[in-house]
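Visitor: I am new to this structure and would like to learn how to read it, one feature at a time. Could you show it to me and then take my questions?

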Amino acid sequence: MAHTYDSLTVGDSFSWSRTLTMDDVRSFADVTGDDNPIHIDEDAGKASRFGHPVVHGVYVLGLASKVLGRDFPGPGSIAVSLSAKFLRPVPVGEEVTIEVKVSEKIERHGHVKMRMYAYCKGKMSLGGEAVVIPPPSDD
């Protein structure tokens, strides 16, 4: 169910989790052309400062975009802006949880400001903000 501007309240939130496999990361690398070995090669990942392959930060941000566009507010949402800081890497093979939370309603434009976070192993991996136009009401 999509949430409209009128049905959203500051503090409303939603979270979604997914385990990110090497197949997922390699598919993302194929689509984007970002085949940096630190993401897709076990040996390069092990030799890196992280000691293991890590998920592309932009892939994690893309999962936040998925939540905004498909889950909360939901289908029909339009992203106006996304900004994020990549705080910690997400190891390939780990579960990531995306959380979004309404932080402000901008009545003048009918936009909603959302805080967005990604967590892995209980620690924040990504923090940022999105401004979205929620789906219209069916009235």
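Guide: What follows is a short conversation about the sheet, a helix, the core and some loop residues. This is a predicted model, in which local features need pLDDT of at least 70 and side-chain atom pairs count only at pLDDT 80 or more, while totals for chains, interfaces and linings use all residues. Residues are numbered from 1 along each chain as its sequence is written, and side-chain values use heavy atoms, with hydrogens and water left out.

Visitor: In what order do the strands of the sheet lie?

Guide: Strands of a sheet pair through backbone hydrogen bonds, either parallel or antiparallel. Strands here are DSSP runs of E with at least two residues, helices are runs of H or I with at least four, and both are numbered from the N terminus; two strands pair if DSSP finds at least two bridges between them. In this model five strands form an open sheet in the order β1-β3-β4-β5-β2, with antiparallel pairing. Because β1 (13-19) and β2 (78-86) stand at the edges with a single partner strand each, one side of each is left without a neighbour in the sheet. The twist averages 20° from one strand to the next, where axes are lines fitted to C-alpha atoms (for helices over the stretch in contact) and angles run from 0 to 180 degrees between N-to-C directions.

Visitor: Which strands does α4 touch as it packs on the sheet?

Guide: Contact means heavy atoms within 4.5 Å. By that reading α4 touches β1, β2, β3, β4 and β5, and its direction makes about 55° with that of β3. As for the pairing of β2 with β5, it is antiparallel and runs over eight bridges; A79, for instance, has V132 in β5 as its bridge partner.

Visitor: Which residues of α1 are buried?

Guide: An α-helix has 3.6 residues a turn, so residues three or four places apart point the same way. Buried means under 20% relative accessible area, exposed over 50%, and partly exposed in between, with a 1.4 Å probe and protein chains only. In α1 the buried residues are M22, D24, V25, F28 and A29. Seen down the helix axis, the buried residues of α1 fall within an arc of 160° (taken from the directions from the axis to the C-beta atoms), so they line one face of the helix. On the other side of α1, D23, D30 and V31 are exposed, whereas the cover over the buried residues includes β1, α2 (37-40), α3 (42-47) and α4.

Visitor: How many residues make up the largest nonpolar core?

Guide: A nonpolar core is a set of buried Ala, Val, Leu, Ile, Met, Phe, Trp, Tyr and Cys residues joined through side-chain atoms within 4.5 Å. The largest one has 29 residues, and V55, V60, V96, I98 and M114 have the most contacts inside it. At least two core residues come from each of α1 (22-32), α4 (57-71), β3, β4 (111-120) and β5 (123-133), and α4 supplies the largest share, seven residues.

Visitor: Where is K121, and is it buried or exposed?

Guide: K121 is placed in the loop between β4 and β5, and its relative accessible area of 62% makes it exposed. Although K121 is not a glycine, it has a positive phi of about 55°. In another loop, the one between α4 and β2, we find P73, and the peptide bond from F72 to P73 is cis, with omega near 10°.
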